[in-house]
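Reader: I should like to learn how to read the features of a two-chain model in order. Could we take the chains, then individual elements, then the contact between the chains?

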Amino acid sequence: MSENTDNAVLRVEHLQMQFATRAGIVKAVNDVSFSVRRGEILGIVGESGSGKSMTAYSIMRLIDPPGQIAGGRVLLHGQNLIELPEEQMRRVRGNRIAMIFQDPMMTLNPVLRIATQMIEAVQAHQKVGKAQARDMARDALARVGMPAPEEKLAAYPHQFSGGMRQRVAIAIALLNQPDLIICDEPTTALDVTIQGQILHEMQTLCRESGTALIWITHDLAVVAGLADRLCVMYGGRIVESGAVREVLRQPRHPYTAGLIASSPSRNQPGRPLHQIAGSMPSLLDLPSGCPFRTRCPHATEVCAAMPEADTQGEHMWRCFHPMHQPAESEHG
Amino acid sequence: MDKDAPLLELREVSKQFARPADFAARLAGWFGHRNRNDAQNATLAVDCVSLDIRAGEVVGLVGESGSGKSTLGRIAAGLHAPSSGTRWWQGRQVEHLHAAQRRQAQLRIQMIFQDATAALNPRMRVADIVGEAPLVHGLVSKAQRADYVADLLQRVGLDASHAQRYPHQFSGGQRARIGIARALAVRPELLICDEAVAALDVSVQAQVLNLFMRLREELRLTYLFISHDLSVVRHIADRVLVMYRGRIVESAPTAELFAHAHHPYTQALLQAAPTLDARRVDFAALKEETPSAPAPSACGFRGRCPHAMPQCAQQPPLKEISPGHFSACHLDRSR
């Protein structure tokens, strides 16, 4: 856990986030640890209810009761954000860590011009004049590939298409040159060609500015081409992580292997798809031990205990019966 | 009934949506003022599209949001009346059928929607959701209904003992199955699936796609499968239609389309789609979408096309470039 300590922009250690409900405590994020380095893109992949979004919200401390962060540390350049007073945390959000949501209208105010919103975002964190803030806003729009940025500043969000709105949201995230951008399914609602453009721009921006990126998605195919490293979440835990290439080529956790195998592109057209039995259990009645064991084809009685993390270089997995065979696709 | 005729045929259908006149415009209308902005207020969602679906076929329909694929699906299902053009069921024009015959034809086409939660009445039990239509249409008697529903639920992989539950007591994947059971209840021949698996998680999506393929075998169903996800369409469809801005720009058997895409839009679509095998690729940027609608007589893709040329001011016709492979692009001539 100590590799490249100096390079890590963000280090999450044993993060726990839970909801107190009438039916009991729901551990939405359970003992999650990972780190992101400068200029690196980390993909977090999981199905709905796996805890991937709650991990992001916990890092930003955007958790409202009955949710609460129950333990662990979130270190931004070594500073623990969990212990920060709310006043100082506000100076981190949107400044040193920015977040991009699936729906850009969550970021944008529908009744304010783009310029107003962007200038406000600059002046909240930097002591600059209005004219200078406006210039910065225009430059940010130009950086995300917005044509005629000066005109766009005067527009309202409803005048943009979905892809353009998401670009504005990305431009706002870039305004204060954050160390880290967290993207929660930012391209899920967009068309394939628009998604391609945005992925292209994010990749270029990261490479040029050294901004670290956490990319949360349910779509393995998106991170396959985008990310450097990958965390696979299931039932609130990271069940496997490692370099994208390695995890996809040689998944060790049966869940990761099942996800890859059930993708239509890994199956012969027209033939039955490989499928993972059952569905994601409710976090309220997760089985004891390995959360995947009720759906796992390899589960035995030892799986009633939580497996420790096994590692091989950077590749980590939590499974008593890891897969050794690389998951070959049926057709080349 | 003509045996060689396609199951469903759409001939040159168009659908135009007009924004209803607001109060000021109506007021102006009363005073004899003609609204000059009619053209601006109307959206041509589907522009002169012909389509035939043969019995037993799975036809995939892909396109981005706003391309008119859902509208075309709804026209095919009879939920929208086309602004112009005709709809044929087993060789007979639906509009010319008697009311009773038309109802029978209509029953043979059922639709499955993307959001199963929204498509199911939250206050009805599953037994009623699935069992209501066959009872109304006289397919089963009241006494047989419970068995009929139980049989359907088992067919789609649900526990028949859950028939008395409400939709909210099921998971997303199970609700999708309820929607399928409801569609199957009236013994359809053609299922129109509008993004039926888009909202499902990867592992559940595989289960539902397998169900669709199993039902196809068991019940000899025909599908019009609308999706934005190329990998899903590639997996399930025999033939794929690509729509862009209300027009079909390319259509071909699935393997042919994915191997030899002709239309520049299809090529861009295939290139932009992320795949599991692409590692650390540089995502290519396609030209900006143009927000304003292009001239109706021009090729819709002209503004974004890397090969655009003066000729593209004329809409290219959909032509057969190799057997079964149709494309609408001026480049096809020179190839």
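**Reading a predicted two-chain model**

Author: Let us begin with contacts that are distant in sequence. Residues 24 or more positions apart account for 65% of the contacts in chain A with a separation of 6 or more. In chain B, among contacts between residues at least 6 apart in sequence, 67% join residues at least 24 apart. Please keep in mind that this is a predicted model.

Reader: What pLDDT does chain A average, and where does pLDDT stay under 50?

Author: The average pLDDT of chain A is 88, and 95% of the residues score at least 70. Residues 326–332 of chain A are the stretch where pLDDT stays under 50. For that stretch the model has 10 contacts beyond four places in sequence.

Reader: How should the overall dimensions of chain A be read, and what is its radius of gyration?

Author: The secondary structure comes first: chain A has 10 helices and 12 strands. Its radius of gyration is 21 Å, close to the 20 Å that the globule rule gives for 332 residues, so chain A is as compact as a globular protein of that length. The C-alpha trace of chain A spans about 65 × 50 × 40 Å along its principal axes. As for burial, 47% of the 332 residues of chain A count as buried.

Reader: How many helices and strands are there in chain B, and what is its radius of gyration?

Author: Chain B contains 13 helices and 12 strands. The radius of gyration of chain B is 22 Å, close to the 20 Å from the globule rule for 335 residues, so this chain is as compact as a globular protein of that length. Along the principal axes, the C-alpha trace of chain B spans about 70 × 65 × 40 Å. Buried residues make up 41% of the 335 residues in chain B.

Reader: Let us turn to a single helix. How many residues of α8(B) are buried?

Author: A helix may be examined for its length and then for its surroundings. Helix α8 of chain B covers residues 172–184, and at 1.5 Å a residue its 13 residues should span 18 Å; the end C-alpha atoms are 19 Å apart, which agrees. Of these 13 residues, 12 are buried, so α8(B) is largely enclosed by the rest of the structure. The buried residues include B:R175, B:R177 and B:R182, along with B:I178, B:I180 and B:L184. What covers the buried residues of α8(B) includes the strands β6 (109–112) and β7 (190–194) and the helices α5 (116–119), α6 (126–136), α7 (142–155) and α9 (202–219) of chain B.

Reader: Two of those covering elements are strands. How do β6(B) and β7(B) run, parallel or antiparallel?

Author: Strands of a sheet pair through backbone hydrogen bonds, either parallel or antiparallel. Here β6(B) and β7(B) run parallel and are joined by 4 bridges. Within this pair, B:Q110 stands opposite B:L191 in β7(B). Both faces of β6(B) are covered, with B:I109 and B:M111 buried on one side and B:Q110 and B:I112 buried on the other.

Reader: Which strands are joined to β3(B) by bridges?

Author: Strand β3(B), residues 58–62, is joined by 5 bridges to β8(B), residues 222–227, and the two run parallel. One position in this pairing is B:V58, opposite B:Y223. A further 4 bridges join β3(B) to β9(B), residues 239–244, again in parallel. There, B:L241 is the bridge partner of B:L61. Strand β3(B) is mostly covered, as 5 of its 5 residues are buried. B:V58, B:G60 and B:V62 point one way, while B:V59 and B:L61 point the other way.

Reader: What is the order of the open sheet of 4 strands in chain B, and which are its edge strands?

Author: The order is β2-β1-β4-β5, with antiparallel pairing. The edge strands are β2 (42–53) and β5 (92–93) of chain B, each pairing on one side only. Between β1(B), residues 8–18, and β4(B), residues 84–89, there are 5 bridges in an antiparallel arrangement. B:L8 stands opposite B:W89 in β4(B).

Reader: Finally, how many residues does each chain give to the contact?

Author: Chain A gives 39 residues and chain B gives 38 residues. On the side of chain A that touches chain B, the elements giving two or more residues are α7 (192–209), α8 (220–226), α9 (244–249) and α10 (254–261) of chain A. The largest share, 8 residues, comes from α7(A). By class, this side of chain A has 17 nonpolar, 18 polar and 4 charged residues.

Notes:
Residues are numbered from 1 along each chain as its sequence is written. Chains are lettered from A and ligands numbered from 1 in the order in which they are written. This is a predicted model: local features need pLDDT of at least 70, side-chain atom pairs count only at pLDDT 80 or more; totals for chains, interfaces and linings use all residues. Two residues are in contact if their C-beta atoms, placed from the backbone, lie within 7 Å. Ala, Val, Leu, Ile, Met, Phe, Trp, Tyr, Cys and Pro count as nonpolar, Asp, Glu, Lys and Arg as charged, and the others, Gly among them, as polar. The expected span of a helix is 1.5 Å times one less than its number of residues. A residue is buried if 20 or more other C-beta atoms lie within 10 Å of its own, exposed if 12 or fewer, and partly exposed in between; C-beta atoms are placed from the backbone. Two strands pair if DSSP finds at least two bridges between them. pLDDT is the predictor's confidence in each residue, from 0 to 100. The radius of gyration is taken over C-alpha atoms; the globule rule is 2.2 Å times the number of residues to the power 0.38.
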